[in-house]
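Welcome! Take a look at the structure below, and then we will walk through it together, topic by topic.

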Amino acid sequence: MWAAFRAVFAAIFADRAAALLLLGAPLLYAVLYPSAYAGEIVEDVPVVVVDMDRTAASRDLIIHAGATQQSRIVASLASPAEAERWLASDRASAAILIPEGYARAIAQGRSGQIVLTGSGAHLLRSSSALGGIGAALGSTAREAAFEQARAAGPGAPPAMQLVTRPLFNTREGYGAAVFPGVAFVIVHQSLLLGLALLAGTARERLGAPLSVTPAQFAGLGLAAAMIAMVQVCWFAGFVFWWQDYPRGAAPLWQVLAGGMLFVAATAALVLLLASLFRTRERPLQLGLGISLPLFFLSGLTWPAAATPAPVLWLARLFPTTPGLELMVGLNQMGGSLADYAAALFNLAVLAAIFGALAFWRWTSPRGLPALPVRAARDLSGSA
Amino acid sequence: MSVFARISHGFARELRFLARNPWDLALLTWLPLALCAIIAWQLSAGVIRDLPVALVDQERGALARDLAIRIEGAPGLRLAYHAQDMAEAERMARAGAVEAIVLIPREVTARALEGRGQITLFVNAAHSAASSTIQRELAGIIGAANGRVAIEQMAAVLPPGTVRAAPLAASSAIAFNAPASQEQQLVSLLHPALLHLLFMLAVVSAFGRELRDASVAEWRPDLAAMAGKAAPYVLAFMVWGALATAYLAGLRGWTLAGGPALLMTGYLAMFVAYTGVALLLVGATRCMSQSLSLTGLYAGASFAFAGAIFPVDQASSFAKVWAEILPFTHFARLIALDWVSGAEASVAAAPLLPLAIITLVTGVPGAWLFLRASRSPQDWGRR
């Protein structure tokens, strides 16, 4: 068993492509990926204004809208048509339109109407800008109410206020919403591509399906699980802290136990798939493309409530789906293992089924008589 | 041989290879179809509906019942649980059974009559798409409830004239995508994100394979032969691009605001640019497995850097530069301009220029390096 375990590591260190995938990728992606999301919150979205009222009240409103963190006023335009052209050519992501008669309506005790338009080309950016402007309008509204009160006496305040509090990702950063999930897709893909590349190489040199003894299979599984576990610890233990993502909410032993189950299911699937490849480069050709669908299937960005049921069932076949649910829950949301019984069960079933299939694929004797010895030697000899 | 004959010879030679190798053929046939179909199916609901919400009712009055009915009635929400207390509701949120908690505190009705009522909404900010839908829906519900309380109850106890409409009313709209559907935005970007990665893997494999198998010796390529070799891949992925566009614009009804001609030109320019990058990687490493690994690093995270969903404006300068050298970023801009907002052709075609520059900067040295490697046998057979 230990010979096979050591053979895997010897093969990794002797093969530049495998080392890049298994050791380099987690390091590179820990820097590369979060750098795209380093902005975390939407700021300074370009906004244009069309002021057709041209009064003190409308100017006041524009000043308030421009003073928010989310938006930045880039132009004051003469007509709505011009504003539409700015939105269409992507020079602005939102527009504020103040129609004529805005100030008069407020003075008469009616509602001053304004129109906010966001660009559909960038939903997140425009809705953040509109949200920021909406908050700025609140303070303008209080001043407008004061103006009205001078003429008509104090008005009644709105009955109820809605206070929104974010749970779990309390700063509502988008990197913090995405990367803690993406990290586990990276672990999955790194292990799949790296080990399948090694297995494909070994099989190519052997010229026949690989076959190992049960003890050697255990050694391979242990090596795969250890590499994945080191990666899980690297992301959950260091990268989340370094990038200051919400983290470590659950007790350490629970994060480790959950991580081990995710690693077990992933390693079982990877060993099964690795046994299928006959060429060194094939896993890279076919496997790299599935990262993005794996992440979307996990349901972190697109909620399960809006996903068709057959797609949900399909998603459950990949360890990343329950794995992301479990690890984001434990790491970011502070749940305990008991909260994720379904995901744990899902992972256990996948680990058992994929593990059994992989065991059968790797240990069933096919072809050459002295295969076990030769395969192990070949794994270590792929230097 | 004339140039045309050399191109068609390279074309026919590549087709013969693909016909004999089903796994290489998979990369431009059923794999893009399967991955694009899964994404399209998962996001086919378009607008997120029926997100589960827990209600914590500490008052047990008419107001809570009124809000419960309104939550049930809102298209985006579903009242999943009446939780006994916050602890129970938080457990449900951690376990993913609900996406948000609405807390109705004690004596809120009495406070509402004084204009001091407060309803607290806790949203799971780790799920960004769901949380923004919930916030929008609940703001609407509270606004409507406020209107009713003002008319029915406050007007009865307050002096006449003090209950009047809010001094400021804003109507918000999303231009070019009225239902704020995420299907158009996500699918229109995810399909080319999948296609460009698979395309680049296929082209890197096609050229890398010739050096690996030393089949360049028999092929003896020149520029025309290389163009003929790349042509089947460009053609196949242009067909996938056209089908993906036809699905979303025709079948799903997300009309192309600009026109299909510019969009397909954009697809062509993007694929040609990625061909240049693929040649550069193969020519520089002269090793198929390393070029494939680098492809994963270069094109695997494009979706994060394109800035189409989450802006990269505030990210590090490294991330901004990295985004600019990815052809997909420029194609995503073209989609926003041509498909969504329908900018004038002169504006919408602007992203074609950087695509052409990337093609030249990578394609010229790439082709030179590849041709040089094709004539030096010591560069063949690297693994």
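**A proline to start from**

P293(A) sits in helix α11 of chain A, which covers residues 291-297. Keep in mind that what you see is a predicted model. Let's follow this proline first and then move on to the two chains.

- Is P293(A) buried or exposed? It is buried, because 21 other C-beta atoms lie within 10 Å of P293(A), and the cut-off for being buried is 20 or more.
- Which residues does P293(A) touch, once its neighbours within four places in sequence are left aside? P293(A) is in contact with L35(B), I38(B) and I39(B).
- For a sense of distance, P293(A) and G131(A) are 162 residues apart along the chain, and their C-alpha atoms are separated by 30 Å.

**Where the two chains meet**

- The contact between the chains involves 101 residues of chain A and 108 residues of chain B.
- On the chain A side, helix α6 (residues 123-152) supplies the largest share, with 14 residues.
- Sorted by class, the side of chain A that touches chain B holds 57 nonpolar, 32 polar and twelve charged residues.

**The overall form of chain B**

- Chain B contains 17 helices and five strands.
- Its radius of gyration is 28 Å, whereas the globule rule gives 21 Å for 383 residues, so chain B is more spread out than a compact globule.
- You can also look at the C-alpha trace of chain B along its principal axes, where it spans about 95 × 45 × 40 Å.
- Chain B is split into domain 1 (3-44 + 181-379) and domain 2 (51-156).
- How many Å apart are the C-alpha centres of domain 1 and domain 2 of chain B? They lie 47 Å apart.
- Of the 383 residues in chain B, 52% count as buried.
- Among the contacts in chain B with a separation of 6 or more, 77% are between residues 24 or more positions apart.

**A largely enclosed helix in chain B**

- Helix α12 of chain B (residues 288-299) has twelve residues. From its first C-alpha to its last it reaches 16 Å, close to the 16 Å expected at 1.5 Å a residue.
- Why can α12(B) be called largely enclosed by the rest of the structure? Eleven of its twelve residues are buried, so the description fits.
- The buried residues of α12(B) include M288(B), L292(B), L294(B), Y298(B) and A299(B).
- Both chains help to cover the buried residues of α12(B). From chain A the cover includes α2 (16-36), α7 (174-206) and α10 (282-287), and from chain B it includes α8 (182-212), α11 (260-285) and α13 (302-305).

**Two residues with a positive phi**

- Here is some background for this topic: most residues other than glycine have a negative phi.
- D244(A) is not a glycine, yet it has a positive phi of about 60 degrees. You can find D244(A) in the loop between α8 (214-242) and α9 (252-274) of chain A.
- D244(A) is partly exposed, with 13 other C-beta atoms within 10 Å.
- E107(B) is not a glycine either, and its phi is positive, near 60 degrees. Look for E107(B) in the loop between β3 (100-104) and α6 (108-113) of chain B.
- E107(B) counts as exposed because it has 11 C-beta neighbours inside 10 Å, and the cut-off for being exposed is 12 or fewer.

Terms used
Residues numbered from 1 in each chain as written. Chains lettered and ligands numbered in written order. Predicted model: local features only at pLDDT ≥ 70, side-chain atom pairs only at ≥ 80, totals over all residues. Helix = DSSP H or I, 4+ residues; strand = E, 2+ residues; numbered from the N terminus. Rg over C-alpha atoms; globule rule 2.2 N^0.38 Å. Contact = placed C-beta atoms within 7 Å. Domains from an automatic or database assignment. Nonpolar A, V, L, I, M, F, W, Y, C, P; charged D, E, K, R; others polar. Expected span 1.5 Å × (residues − 1).
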